[in-house]
Amino acid sequence: PKYGVHTLVYFEMHDEMTEAIRCEKQLKKWNPLWKIELIEKANLGWKDYGRGLFSTGFPFSRVYSALPE
C-alpha cells in the first residue's frame with residue numbers, strides 16, 4: 001500500500017460505482033478527526049475487516065485502511 005497501512009477498518013457498500021466515487025471524494029475532504037469518529041461509530045474496536053473481504057465479491061465498496069488520508 002501507498003502509505004504502508006495493512007488494516008481495513010472501514011468500508012461502505014454502494015449499488016453504483018459512480019455513487020461510491022462521489023462519496024469517496026466527499027470523505028477525502030473531511031477533517032481527520034471526523035474520519036476517526038466515523039470509523040469508531042461503525043467499528044469501535046478497529047477490527048480488521050480485510051481478512052476475507054475481497055474473496056466475498058462485494059460490489060463497489062469504498063475501502064479505508066487504518067487512518068484515511
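User: Where in the protein is tryptophan 30 found?

Analyst: In this predicted model, tryptophan 30 sits in the loop that joins α1 (17-28) to α2. To place that loop in the whole, it helps to know that the protein has 2 helices and 2 strands, and that these elements follow one another from the N terminus as β-α-α-β.

User: Is tryptophan 30 buried, partly exposed or exposed, and which surface patch does it belong to?

Analyst: With a relative accessible area of 31%, tryptophan 30 is partly exposed. Together with Leu33 and Trp34, Trp30 forms a nonpolar patch on the surface, and the accessible area of these residues together is about 340 Å². For the protein as a whole, about 5200 Å² is exposed, and carbon and sulfur atoms supply 59% of that area.

User: Which residues make up the largest nonpolar core?

Analyst: The general idea is that in soluble globular proteins nonpolar side chains tend to be buried together. Here the largest nonpolar core has 5 residues, namely Val9, Tyr10, Leu27, Leu38 and Ile39. Both β1 (8-12) and α2 (32-42) supply at least two residues of this core. If we set aside its neighbours within four places in sequence, leucine 38 is in contact with Tyr10, Leu27 and Trp30, so that Leu38 touches a residue of the surface patch as well as residues of the core. Across the protein, buried residues make up 23% of the 69 residues.

User: How many salt bridges does the structure hold, and why can their partners meet along a helix?

Analyst: The structure holds 2 salt bridges. In one of them, glutamate 19 pairs with arginine 22, and the closest N and O atoms are 2.7 Å apart; because the two residues are 3 residues apart in helix α1, about one helical turn separates them. Glutamate 19 is partly exposed at 32% relative accessibility, and arginine 22 is partly exposed at 43%. In the other, the side chains of glutamate 24 and lysine 28 meet at 3.8 Å, N to O, and these residues are also about one helical turn from each other, because they are 4 residues apart in helix α1. Lysine 28, with a relative accessible area of 45%, is partly exposed.

User: What is the sign of phi at tryptophan 46, and where does this residue lie?

Analyst: As a general guide, most residues other than glycine have a negative phi. Tryptophan 46, however, has a positive phi, near 50°, and this residue lies in the loop between α2 and β2 (62-65). At 25% relative accessibility, tryptophan 46 counts as partly exposed. Although tryptophan 46 and leucine 8 are 38 residues apart along the chain, their C-alpha atoms are separated by 8.5 Å. On the scale of the whole protein, among contacts with a separation of 6 or more, 81% come from residues 24 or more positions apart.

User: Which element has the lowest mean pLDDT, and which has the highest?

Analyst: The general idea is that where pLDDT is low, the predicted coordinates should not be read in detail. Among the elements here, β2 has the lowest mean pLDDT, 51, whereas α2 has the highest, 94. Over residues 65-69 the pLDDT is below 50, and although this stretch has 16 contacts in the model beyond near neighbours in sequence, the general caution applies to such regions. The protein averages a pLDDT of 79, and 72% of the residues score at least 70.

Definitions and conventions:
Residues numbered from 1 in each chain as written. Predicted model: local features only at pLDDT ≥ 70, side-chain atom pairs only at ≥ 80, totals over all residues. Heavy atoms only, no water. Buried < 20%, exposed > 50% of the residue type's maximum accessible area, 1.4 Å probe, protein only. Contact = heavy atoms within 4.5 Å. Areas by Shrake-Rupley, 256 points an atom, 1.4 Å probe, with all protein chains shown as cover. Core = buried A, V, L, I, M, F, W, Y, C linked by side-chain atoms within 4.5 Å. Patch = residues over 30% accessible without salt bridge, like charges linked within 9 Å, V, L, I, M, F, W, Y side chains within 5 Å. Salt bridge = Lys/Arg side-chain N within 4 Å of Asp/Glu carboxyl O. pLDDT = per-residue confidence, 0-100.
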